[in-house]
Amino acid sequence: MTMWEPRAESLPRKELERQALEGLRKTLGHVLDNPAWRRRLAGAEPGDIRTVADWLRLPFLTKDEVRDAYPFGLSCVERERVLRIHMSSGTTGNPVVNPYTRADLDQWATVMARCYAAAGVGAGDVIQITASFGLFTGGFGFHYGAERIGAMVIPLGAGRTSLQLQVMRDLRATVLAGISTYPLRVLEVAREEQFDLDSLSLRVAILGAEMWSDDLRRLIERELHLTTFDIFGMTETGGPGLGIDCQAREGIHVWEDHYFCEVVDPVTGAPRPDGEEGELVVSTLTREGLPLIRYRTHDLTRVVSRSRCACGRTHLRMDRVRGRTDDMVIFRGVNFYPRQIESLVLKQSGVGHEYQIVLDRAPGGSDRLALLIEAREGFTQAGLPRLRADLKQFLNLSPEITVLKEGELPRPPGKSVRVVDRR
Ligand code: ADP
Ligand code: ZN
């Protein structure tokens with residue numbers, strides 16, 4: 001199993017920790033040039049950071065602060081040095097703007113090249129990029145990494161699934177890169193068009209940008225006959241490439257010489273011990289345009305291991321992201337995550353992969369929960385009691401279940417919308 005940067009990816013833990021401290025001090029020194037950061041950090045100086053414990057005394061950076069700084073309030077370079085802007089969708093307020101310098105673009109290509117190598121993808125591969133190119137980081141991130149490793153790129157971008165299938169087959173794409181639920185769309189269109197999936201040469205899919213359950217992962221691998229890799233990142237950290245799982249599949253390697261990760265209690269902010277779930281907090285060690293110091297990501301994960309992996313990499317492994325602190329749904333005092341419903345839906349036969357959870361308030365004031373699913377070939381009403389029983393038994397939920405015709409739920413070109421909360 002080859003690494004892109006074998007030395008850097010297999011550094012002894014002591015050396016990784018030394019580099020982290022050095023990077024933390026450098027980042028702190030860099031952000032202090034911006035008065036807004038100086039105010040936030042109330043006198044902290046790089047010289048104060050002698051151990052990791054010193055770092056943990058700095059204040060968290062919240063998503064709201066980053067949004068409120070729109071567009072360049074927390075940016076740490078002069079305009080002339082900014083080569084590129086990426087932005088998050090901003091569905092809940094101002095968008096997050098990330099200005100990239102030349103060094104940031106280069107850093108991005110490097111971490112993405114490492115991710116491809118971890119997925120066993122190299123110069124001989126043909127990578128079809130199915131994520132959109134634009135303000136969203138997905139398309140460009142996959143592109144830069146692919147160029148760096150010298151693979152052939154098909155930058156098709158999002159949507160146009162019939163064309164995607166045709167091109168994938170005719171140009172013999174070996175790697176599909178995209179957002180986690182896109183393979184479902186591929187399967188669906190292939191079925192509609194009676195496209196022969198055996199005519200494809202795909203062997204790897206690199207997927208991320210949204211939560212995908214283990215069940216969904218198994219389904220994609222089974223039906224497309226390939227191995228999937230889970231890639232992670234976000235606009236704030238510079239896009240995809242913060243980490244990826246390797247062939248050992250025991251967690252996502254976080255590139256620790258570029259990102260310093262903590263897992264904290266989402267309520268109190270206190271550190272969680274390794275192995276326990278909490279909110280991921282990220283500091284960047286090498287980013288220039290929008291460096292992060294203790295950024296609260298809202299993503300839930302845990303540290304799986306800090307020891308050397310079977311693949312030879314020493315960088316810590318975190319669990320696949322299972323949900324977000326803000327996608328937990330509370331319904332009549334019962335907490336659940338969309339992924340839990342996904343797993344139960346995928347177990348039903350005669351039911352499609354798509355689902356939507358709709359919450360609203362009845363005129364009388366009580367909350368209502370509806371689950372929309374789609375019928376597939378072979379669907380019978382007789383299957384529903386099992387789904388009802390599972391929902392009750394595992395989640396203590398009794399939603400009203402509506403079975404739609406296949407294709408009736410929306411298929412957005414970007415991330416899927418699993419929860420519609422009208423309360
Ligand atoms: P936007 O903010 O526009 O939705 P981002 O790409 O910045 O776009 O979204 C980043 C978020 O996407 C992460 O914070 C996380 O919640 C989710 N995400 C990214 N990659 C994964 C992944 N591999 N697994 C689960 N969730 C992911
Ligand atoms: Zn590994």
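**Helix packing and buried polar residues**

Helices α6 and α7 sit roughly perpendicular to each other, where an angle of 65 to 115 degrees counts as roughly perpendicular, under 35 as roughly parallel, over 145 as roughly antiparallel, and the rest as oblique. The model is a predicted one, so local features need pLDDT of at least 70 and side-chain atom pairs count only at pLDDT 80 or more, while totals for chains, interfaces and linings use all residues. As for bookkeeping, residues are numbered from 1 along each chain as its sequence is written, chains are lettered from A and ligands numbered from 1 in the order in which they are written, and side-chain values use heavy atoms, with hydrogens and water left out. Helices (H or I, at least four residues) and strands (E, at least two) are DSSP runs, numbered from the N terminus.

Now for the numbers behind that first pair. Helix α6 spans residues 102–118 and α7 spans 138–149; they pack at about 75°, with 7 Å between their axes. The axes here are lines fitted to C-alpha atoms, for helices over the stretch in contact, and angles run from 0 to 180 degrees between N-to-C directions. On the α6 side, the contact (heavy atoms within 4.5 Å) is made by L105, D106, W108, A109, T110, M112, A113 and Y116. Helix α7 brings F140, G141, F142, Y144, G145, A146, R148 and I149. Sorted by class, that gives 11 nonpolar, three polar and two charged residues. For this sorting, Ala, Val, Leu, Ile, Met, Phe, Trp, Tyr, Cys and Pro count as nonpolar, Asp, Glu, Lys and Arg as charged, and the others, Gly among them, as polar.

The second pair is α9 (residues 182–192) with α10 (residues 214–224), whose axes lie 10 Å apart at an angle of about 40°. These two helices are therefore oblique to each other. Helix α9 passes α10 in a left-handed crossing, meaning that the near helix is turned anticlockwise from the far one by less than a right angle (clockwise would make the crossing right-handed). From α9 come P183, L184, V186 and L187, and these meet L216, L219, I220, E223 and L224 of α10. By class, the contact has eight nonpolar residues, one charged and no polar ones.

Helix α9 has plenty of other company. Eight of its 11 residues are buried, so the helix is largely enclosed by the rest of the structure; buried means under 20% relative accessible area, exposed over 50%, and partly exposed in between (1.4 Å probe, protein chains only). The buried set is Y182, P183, L184, V186, L187, E188, V189 and A190. Their cover includes α8, β5, β6 (204–208), α10, β18 (351–361) and β19 (367–375). In the loop between α9 and β6 comes Q194, a residue other than glycine with a positive phi near 50°. At 72% relative accessibility, Q194 counts as exposed.

Helix α8 buries T161, Q164, L165, V167 and M168, and what covers them includes β3 (126–129), β4 (152–154), β5 (175–179) and α9. Of these, Q164 is worth a closer look, with its relative accessibility of 0%. A polar atom of the Q164 side chain lies 2.8 Å from the backbone oxygen of G157. Beyond four places in sequence, Q164 is in contact with Q128, T130, L156, G157, A158, G159 and Y182. In the loop between β4 and α8, R160 has a positive phi of about 50° without being a glycine. This arginine is exposed, at 55% relative accessible area. Just after α8, R172 takes a positive phi too, about 55°.

Over in strand β8 (residues 239–245), D245 is buried as well, with a relative accessible area of 2%. Its side chain makes a polar contact with the side chain of R217 at 2.9 Å, a polar contact being a pair of N or O atoms within 3.5 Å; within protein, one must be able to donate a hydrogen and the other to accept it, and residues adjacent in sequence count only if both atoms are side-chain atoms. A polar atom of the D245 side chain also lies 2.7 Å from the backbone nitrogen of D230. Leaving out neighbours within four places in sequence, the contacts of D245 are A118, R217, F229, D230, G251, I252, H253 and R320. F229 is 16 residues away from D245 in sequence, but 5.9 Å away in space, C-alpha to C-alpha.

One last backbone detail: the peptide bond from Y70 to P71 is cis, with omega near -5°. P71 belongs to the loop between α5 (63–68) and β1 (84–87).
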